Amino acid sequence: MNDVFLLARTYVATAIRERVTLFWFLIFPVFLLVVLALIFGRVGQEGEINFDVALVNQDAGSSDPVGFAAMVVDVFDGLAKPQVERQEPLFTLHRADQGEDPAEFLDHELTSLRRGRRAAVIVIPEGFGSSVFGQMASSESEGTPLIVYMSGTSVASEMAAEIVGQVLSGIDREILVRAGRFDPADAVTAETVWLGGGDDETLYVDFLLPGMILMGFFVNGLFGVPGAILFNRDRRILRRYWVTPVSVPRYLAGFSLGHLALCGIQFVFLFLLGRYAFGATVSFAQPAALLTLILGAVTFMAFGFLIAALARTANAGMATANILNMPMMFLSGMFFPITGLPAFLKAIVYVNPVSYLVNGLRVSLGVESAAFSPALAIGVPLGWIALSALVASRKLKWDVER
Amino acid sequence: MKALRALLMSESRILLRDRMAFFFTFAFPLLFILVFGFLMGDIGNVSESAMGIFVESGVDRTHLDETLAAAGSMAIEPFESAEALEAAVVDREVDFGLAWNGEALRFFYDANRVQENFAFQQVAQGLTTDFDLRRQGAMPSITVEPVDVGDVASTGWFQLVLPGILAFSVLSSGLFAVSGHLTAMKERKVLDRMVVTPMPPVALLIAIVIVRLIIGYISTLITLGVGVLVFGLKYDVSWLRFTVFIACATVGTMGFGTIIALVVRRPSSASNLANAIAMVMLFLAGIYFPIEFMPAFLRAISRGLPLTHMANAMRYATGVMDMAEIEFWAITFSFLGIAILLFPVLARYAVRPSRQ
C-alpha cells in the first residue's frame, strides 16, 4: 500500500513543483474567479462601478424661472461624489471649465464618447428650464428634450445611458410631485419576487464558484493526466517504474489518488477564496454536492486517460487537450447561459459531460434550476467514464515503442 | 537572398504540413467566434427578451397596455394565471414576468439568472415609472432624447467582441509562432544544423515572420468574413489600416514571442507560457466585458496591456470604434518598433544551437 501513497505523493509534489502546471491548476482558476467575481459580481451595484460622463449645460445663462437646469446639474454633481467613504462615485463628471466655449467642449466630449473615453454625454439644451416650466403650466405643450448621447456599440455606454435615464426619471418625478401633478401616496407598489432559489437573488459568486471549481478539475484532468502520463512515457521515466515491483494497476491507483488529492487542494483553495474574499454562501457540505464533485473529478480524470490513450506523443496529447478545452468549457454553461444555441452546437452541449456536471453541482447547491433529468445528469458522466476506461485499457501504451 | 528564398519555401511547407499549426491558425479563431457568437450575441440585448404577463380578471388594464405598447420591441406573452407565469419564468419560457392585480405590479425573476437579471430589473423600473405616470394622468416634465453617436449601426456587443478576438488571434499567433517554432527546431536539433550553414540567423526569423504573416492575415479575413456572413455583423473596414495594423502587430507580438523562445527550452513550455500570457491578457483587455465594469486597479492594469490597445486599434480599423488617427498609428508603429528593436538582438541569441 505504501507504494501507492508514495506514487500519489510524487504526483502531487511534481504538479506543485512544475510552474506551468501550478499556473493552470491553481493560479488560473483563482485568477479567473477573482476577475469574474470583481467584474460581474459588481454590475449594477452603486459604489462598485464608475462611468465617465460629461454634462453640458447650455441653459445656464437663459431665463429659467425655477432653476430646473441647475437642479439637474446639482443631482449629477451629487452623484459624482462617493456616496460611501472609500467607494467610487457612480459618475466621474466632466464639465466645461470656466470660460471654456461650451460648443467646443461638447465637440470634444462627443469625440471622447466615440473614442470610448466617455460612457455618455448629457446635454441640457438652451430653453430647457423654461420648457419644463411651460410643461408644468400646460401638459399639452411639447417640451425641449434633454439629450443623452451614447454609443450603441458599447455595453458600458448603454448601461450608463440607462442609469442616466433612471436618474432623470427620478428628477422628473420630484418635479411632478412639487408641482402637485403626481401624488407619491397614490404611486403603484412594485414588488420583486425571486423564483427558483431562496428569498433573494442568487449571489453571482455563488453561481460562479461551483463552475470555477469544476473548471479547475476539468483543466486538471484534461491537461494534467495526459501530460503526466505521456511526458513520463516519452522521457522513458515510466519504463523505470516497470523494472521495479510497481505494477500498472498499482501505478494507476497511486496516480489516481494523487490526481484526486490535487483536485482536493484546488477545491480547498477556491472554496476558501470564494467564501472569505468574495462572500460566497453556498455550502458544499451536502451529499449531492460532494458526490457531484467526486463524479466530476473522476470523469475528467477518465477523460484525460482517453486523450492519453488516443495521442501518440505528449505534444499531440497537449494539442488535443488545447483543442477540446475551450469548446467544452464554454459550451457547458460554465460561464455563459447556453440558451438559444443552434442545433449543431446544442449537440455538443448534450454530449459534453461538463454540461451535466456543472448543472448538477449548481442544482445540488440550489443556485440553478435542473436542465437535465437526474438519470442523464449521472448517466452521461458515467458513460464517459466507462468509454474512457474501455478505450484506455485497450489503447494506452505504458512504454515508448521500440 | 537565396537563403531567404529557400527558407521561405521550407517554412511554407512546414506550416502546410503541420496540421496542428493549421488548426490553431485557421480553425481556432473560427471556433472562437462561432461559439461566442451564438453564446454572446444576445447578452445584454433586452429588446430581444420576452416578458410574460398576467392581469387578474376584472382589473382595468388600459394603462398597462399603453405602457407595454410603448416599451419597445420586447416580446410580451400573456398567461392565464400567476402560477402559469411563475412556472414559465422558472422554466425559462419567458425571461421575466409581470402580474398586475389592480394594486401592485409584481415582477417575477428567476433568481439564478445572475448575469441577466440586472438588465431585466432596469426594464421593470422603466415600466413602473411610465405606468405610474399614465395612471395619474401626468405627462413627464422632462423628456429624454437618446442619440447614438456610433457611425456603424450597432448589432450588439458581439460586434465589438469580434475585432477583439481578431486582435487576440494576432497576439496568440505572434507569441506562438516564433516561440513554439524555434524551440521545436531547437529540440529536434534542426537549428543546430542550420546555424552551421551560411544562413544568417535573421533570415530564418524573417522567413518565419513572412510565412506566418501571410497565413495569419488570411485567417483574420476568414474570421471577419464568417462574422459578417453568419452573424450579420456590420463593419466598415479601412483596408489600409487593417492590413498595416495586422502586419505591424504580428511582427511586434512575434518580438514578444522571441523573448519566450529565449527563456524556455522545450516547445511545450513555450506554448504553455505563451498560452498563459495570452489567456491572462484575454480576460483583462476588455475583449469580453467592458473595462468600465472592472475595479479601478484592474482598469489600470488593463490600460497597460498591449492586447487592450491592439483590440482598440482593430476596432478602429474595422470601423466600430472611433480613435484619434495619431493614436492608431502610434499603436501600430509601436509594435513595428518593438519588432525592429527586438528582432536583430534576439536573432543573435534565440537562433543559436540548443544549450548543452
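**View 1. A:Tyr149 meets its bridge partner across the chains.** In this predicted model, A:Tyr149 has B:Val147 as its bridge partner, a residue in strand 5 of chain B. The pairing around these residues links strand 4 of chain A with strand 5 of chain B, parallel to one another and held by five bridges.

**View 2. An open sheet shared by two chains.** Step back from that pair and you will find five strands, ordered 2(A)-1(A)-3(A)-4(A)-5(B), in an open sheet with mixed pairing. Its edges are strand 2 (91–95) of chain A and strand 5 (144–148) of chain B, each paired on one side only. On average, neighbouring strands here are turned by 25 degrees against each other, direction ignored.

**View 3. Strands 1 and 3 of chain A, with a helix across them.** Strand 1 (residues 51–57) and strand 3 (residues 120–124) of chain A run parallel, joined by five bridges. Look for A:Val53, which sits opposite A:Ala120 of strand 3. Helix 4 (residues 102–114) of chain A lies across strands 1, 2, 3 and 4 of chain A, and runs at about 155 degrees to strand 1.

**View 4. Where chain A touches chain B.** Here 86 residues of chain A are in contact with 76 residues of chain B. Several elements of chain A each supply at least two residues to its side of the contact, among them helix 2 (19–40), helix 4 and strand 4. Helix 6 of chain A gives the most, with 12 residues. By type, the chain A side divides into 53 nonpolar, 22 polar and 11 charged residues.

**View 5. Two domains of chain B.** The domain assignment gives domain 1 (2–41 + 156–350) and domain 2 (46–135) in chain B. Their centres, taken over C-alpha atoms, are separated by 46 Å.

Terms used:
Residues are numbered from 1 along each chain as its sequence is written. Chains are lettered from A and ligands numbered from 1 in the order in which they are written. This is a predicted model: local features need pLDDT of at least 70, side-chain atom pairs count only at pLDDT 80 or more; totals for chains, interfaces and linings use all residues. Two strands pair if DSSP finds at least two bridges between them. Helices (H or I, at least four residues) and strands (E, at least two) are DSSP runs, numbered from the N terminus. Axes are lines fitted to C-alpha atoms, for helices over the stretch in contact, and angles run from 0 to 180 degrees between N-to-C directions. Two residues are in contact if their C-beta atoms, placed from the backbone, lie within 7 Å. Domain bounds come from an automatic or database domain assignment. Ala, Val, Leu, Ile, Met, Phe, Trp, Tyr, Cys and Pro count as nonpolar, Asp, Glu, Lys and Arg as charged, and the others, Gly among them, as polar.
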